Amino acid sequence: MQTQIAAGRVFDFSHAVGRSAASGTGFRHPVALAMAIGSEANAAYVISRGFEMIPNVHWSRTTVGCRVSKIIPGNASGEEELVTEFSKYGEVPGQIIWPAGIAVDSQNTVYVTDEWLNRISVFDSEGNFLRMWGETGAGEGEFDGPSGILIDHNDDIYLSDTRNHRIQKVTKDGAHIGTFGEMGSDDGQMDSPWGIAADSEGYIYVSDHMNHRAQKFTADGSFVASFGSEGTGRGELGRPSGIAVDRDGDIYVCDWSNNRIQVFASDGRFITSLLGDAAELSYWAKMTVEANPDAVRRRREVKDLRVEWSLNMPTDLVFDPVENRLIIADSQRQRIQIYKKVNDYTVPSRTI
């Protein structure tokens, strides 16, 4: 376990949860995350957007992809559990082609955005398809590349309408409530907004992907603040994607092209970066490796495995308020990485 201390915050790396071809469970390019709530608050939903080859009934190979996994992340490696998987690649109701965001309402109903089909598909907590809504266009209640999705305390929905460069607010049935944002780089303008989150006071945070920044708005879309700028240094961002806010007001941004998570205070001050600390293979990944003697031997030949510890294009993240932890979709490494935020950490005494 790696402990990172910065500006009074303490982050303990917990464990990774990743793919296992041997067990038939896991993820393929996970791109979006959401936490269940209430009685199911120990569960998380993970969208996989990659493709894989599986045998079909004629024993040839066919390419499939896109699904939602409902998992129990557990508190340590080996405790994770796959609950169910649902949806699949396709255009018919209940199927998805290019899923980009996921959120859960107060009834544990699951909403999945599809930036190819320009619609939102709705499922119950077990993955049964309920309904869908959304049409292609630039009008009210129409979408062009919907990605990030946020459900507020009233079960109203905010959507990043990415290629329309705006945020739309709709009811849970898709009826238009309001819109804010337009193409541009000035305050309140956007260029391909992606991730979206809210804090405990109702402020809305948006990852302004192609402007390399995050912006803060009131619930009705009035501009409040902007933080981050293009670059690779402290507090700088490269095409940010997912965004989350914890109950202390700290803001977490997937610094997508810089392969890290940037952490900011509620006033936009840079706090620290999380680079990934998965020094051990996930439990599911170990199952895959141990089932293949050649894989075991090849790993022994690698002189330095530290490169696989790190994040690679983290795409989304969610803060789990029950366990006080950050869960990151490590998209190119087929896993999630989990950090516990420790509020009662005691610095060990130093002896000479």
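**Asking the model for its reasons**

Visitor: Why is Cys254 called buried?
Guide: Cys254 has a relative accessible area of 0%. Buried means under 20%, exposed over 50%, and partly exposed in between, with a 1.4 Å probe and protein chains only. The value for Cys254 falls under the first cut-off, so the residue counts as buried. The model is predicted: local features need pLDDT of at least 70, side-chain atom pairs count only at pLDDT 80 or more, and totals for chains, interfaces and linings use all residues. Residues are numbered from 1 along each chain as its sequence is written, and side-chain values use heavy atoms, with hydrogens and water left out.

Visitor: How many disulfides are there in the whole structure?
Guide: The search finds zero. For Cys66, the nearest cysteine sulfur is that of Cys254, 19 Å away. A disulfide needs a pair of cysteine sulfur atoms within 2.5 Å, so Cys66 is in none. From the other side, Cys254 has the sulfur of Cys66 as its nearest, also at 19 Å. Cys66 is buried as well, at 3% relative accessible area.

Visitor: What makes Phe227 and Phe264 an aromatic pair, and what kind of pair is it?
Guide: The structure holds 13 aromatic pairs. In this one the ring centres are 4.9 Å apart and the planes stand at 55°. Rings of Phe, Tyr and Trp (its six-membered ring) pair if their centres lie within 6.5 Å; planes under 30 degrees apart are stacked, over 60 edge-to-face and the rest tilted. An angle of 55° is neither under 30 nor over 60, so this pair is tilted.

Visitor: Which parts of the chain does the pair of Phe227 and Phe264 tie together?
Guide: Phe227 is in strand 20 (residues 223-227) and Phe264 is in strand 23 (residues 260-264), so the parts tied together are 37 residues apart in sequence. Strands are DSSP runs of E, at least two residues long, numbered from the N terminus. Phe227 is buried at 8%, and Phe264 at 1%.

Visitor: Why is the pair of Phe264 and Phe270 called edge-to-face?
Guide: The centres of these rings are 6.2 Å apart and their planes are at 75°. The angle is over 60 degrees, so the pair is edge-to-face. Phe270, like Phe264, is buried.

Visitor: Which residues form an aromatic cluster?
Guide: Tyr45, Phe86, Phe123 and Phe129 form one.

Visitor: How do you know that the charged end of Arg49 sits over the ring of Trp98?
Guide: The charged end of Arg49 is 4.1 Å from the centre of that ring. The test asks for NZ of Lys or CZ of Arg within 6 Å of the ring centre and within 35 degrees of the ring normal. Lys216 is likewise over the ring of Tyr203, with its charged end 4.4 Å from the centre.

Visitor: What lines the largest pocket?
Guide: Its lining has 50 residues, of which Leu150, Ile151, Ala197, Ala198 and Val318 lie nearest the centre. Elements that give two or more residues include strand 3 (30-35), strand 7 (99-104) and strand 13 (146-151). Strand 25 gives the most, six residues. The pocket volume is about 1200 Å³. By class, the lining divides into 29 nonpolar, 11 polar and 10 charged residues.

Visitor: What is noted about phi of Asn118?
Guide: Phi of Asn118 is positive, about 55°, although the residue is not a glycine. Asn118 lies in the loop between strand 8 (110-114) and strand 9 (119-123), and is buried at 4%.

Visitor: Is Arg239 buried, partly exposed or exposed?
Guide: Arg239 has 37% relative accessibility, a value between 20% and 50%, so it counts as partly exposed. Its phi is near 50°, again positive in a residue other than glycine. Arg239 is in the loop between strand 20 and strand 21.

Visitor: How far apart are Ser331 and Pro30 in sequence and in space?
Guide: They are 301 residues apart in sequence and 4.8 Å apart in space, C-alpha to C-alpha. Ser331 is in the loop between strand 26 (325-330) and strand 27 (335-341), and is buried at 2%.

Visitor: How far apart are Gly50 and Lys341?
Guide: Gly50 and Lys341 are 291 residues apart in sequence and 30 Å apart in space, C-alpha to C-alpha. Gly50 is in strand 4 (residues 44-55) and is buried, at 6%.

Note on methods
Helices (H or I, at least four residues) and strands (E, at least two) are DSSP runs, numbered from the N terminus. On a 1 Å grid over the protein atoms alone, a cavity is a set of points where a 1.4 Å probe fits but cannot get out, and a pocket is an open set with protein on both sides within 12 Å along at least five of seven lines; lining residues have an atom within 4 Å of a point. Grid points are joined across faces, edges and corners, and a volume is the space filled by probe spheres set on the points. Ala, Val, Leu, Ile, Met, Phe, Trp, Tyr, Cys and Pro count as nonpolar, Asp, Glu, Lys and Arg as charged, and the others, Gly among them, as polar.
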